[in-house]
Amino acid sequence: TVTAPPRISLTDFVAFGNSITEGKSATGVIFPPNTYPVKLGDLLAARYTAQAITVANKGYGGETTAQGAERLRRELDALNPEVLLLEEGINDLSAGDPSKIEPMIAALRDMIRQAKSRSIRVFLGTLLPVREGSSKTAAFLVLTVANERIRLLALTEDVELVDLYDGFGGSPDPYIDVDGLHPTADGYAKMAQLFSDAIRETLETPQAVSPVFVRNVPAPNLPGRLR
């Protein structure tokens, strides 16, 4: 038998979020090969060799979810992707104010429904761990509750959950950089792997297996061969 290369049902992705999607380092510099959308595109291209995969990076540093909900409309109109990879919300929680969680969830719900109204498949990420001493240290106080609400949102909106927080082990070590917020190169690679695993689990189609028929040909009558 011959097995065809694996395939996925959707191939046009947009990664949307803040500076973590954008791919900033601890120093604020963006090195494109280290960003999770680029690394994810590499993983998908390596596996789905018979298909053309695109992963557009539409991260915007410093953005809140309310700002993201407004920007997403323009991006979806411009790109018309098949899949939305959404990870956003940490900027809403900078002050550690629990009253900011529900508005954050409402904005994420708005973004999910924008995508669903266009028949775009959504993968929703939880928020990454933060390190004490970072500019987002106060967010640590509400991060657990916020992520529980994101998990519930994925369930109630019937979208795919990518639990980045659990995938990082619920700890900033070893994947969060010295600024306490942005991932290291290994952290961005981990994000890409977690999204890739979720995509493979939900979008990969059954592999086609084709039988190979071998015709039996009588052996030649060689000298000295017994009949």
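This short presentation covers one helix, several salt bridges and two individual residues in a predicted model.

Good morning, colleagues. I shall begin with helix α2, which comprises residues 36–47. At 1.5 Å a residue, its twelve residues should span 16 Å, and the end C-alpha atoms lie 17 Å apart, which agrees. Which residues of α2 are buried? They are Y36, P37, L40, G41 and L44. Viewed down the axis of α2, these buried residues fall within an arc of 135 degrees, so they line one face of the helix. On the other side of α2, D42 and A46 are exposed. As for packing partners, the buried residues of α2 pack against β3 (12–17), α1 (19–22), β4, β5 (83–87) and α7.

I turn now to the charged side chains. Side chains of opposite charge can pair when their charged atoms come close. In this model the count comes to 17 salt bridges, and I have selected three pairs for discussion.

The pair to begin with is K58 and E75, whose side chains meet in a salt bridge at 3.9 Å, N to O. K58 belongs to strand β4 (residues 54–59) and E75 to helix α3 (residues 65–79), so the pair ties together parts that are 17 residues apart in sequence. The partners can also be described by accessibility: K58 is partly exposed, with a relative accessible area of 26%, whereas E75 is buried at 16%. Both residues also take part in a network of salt bridges that links K58, E63, R71 and E75.

Another pair that involves helix α3 is D77 with R118. Here the closest N and O atoms are 2.7 Å apart. D77 lies in helix α3, while R118 is in the loop between α4 (101–117) and β6 (121–125), so this salt bridge ties together parts that are 41 residues apart in sequence. D77 counts as exposed, at 55% relative accessibility, and R118 is partly exposed, with a relative accessible area of 30%.

The remaining pair lies within a single helix. The side chains of E148 and R151 meet in a salt bridge at 2.8 Å, N to O. Both residues lie in helix α5 (residues 140–156), three residues apart, or about one turn of the helix. E148 is partly exposed, with a relative accessible area of 46%, but R151 is buried, with a value of 17%.

Let me close with two individual residues, R109 and T184. R109 is located in helix α4 and counts as partly exposed, at 27% relative accessibility. What does R109 touch, if residues up to four places away in sequence are not counted? Its contacts are then L153 and E157. The C-alpha atom of R109 is separated by 23 Å from that of G167, a residue 58 places away along the chain.

T184, by contrast in location, is found in the loop between α6 (164–167) and α7 (185–203). Is T184 buried or exposed? T184 has a relative accessible area of 19%; buried means under 20%, so T184 counts as buried. Leaving aside its neighbours within four places in sequence, T184 is in contact with P174, Y175, I176 and D177.

Thank you for your attention.

Conventions
Residues numbered from 1 in each chain as written. Predicted model: local features only at pLDDT ≥ 70, side-chain atom pairs only at ≥ 80, totals over all residues. Heavy atoms only, no water. Helix = DSSP H or I, 4+ residues; strand = E, 2+ residues; numbered from the N terminus. Buried < 20%, exposed > 50% of the residue type's maximum accessible area, 1.4 Å probe, protein only. Contact = heavy atoms within 4.5 Å. Salt bridge = Lys/Arg side-chain N within 4 Å of Asp/Glu carboxyl O. Expected span 1.5 Å × (residues − 1). Arc of directions from axis to C-beta.
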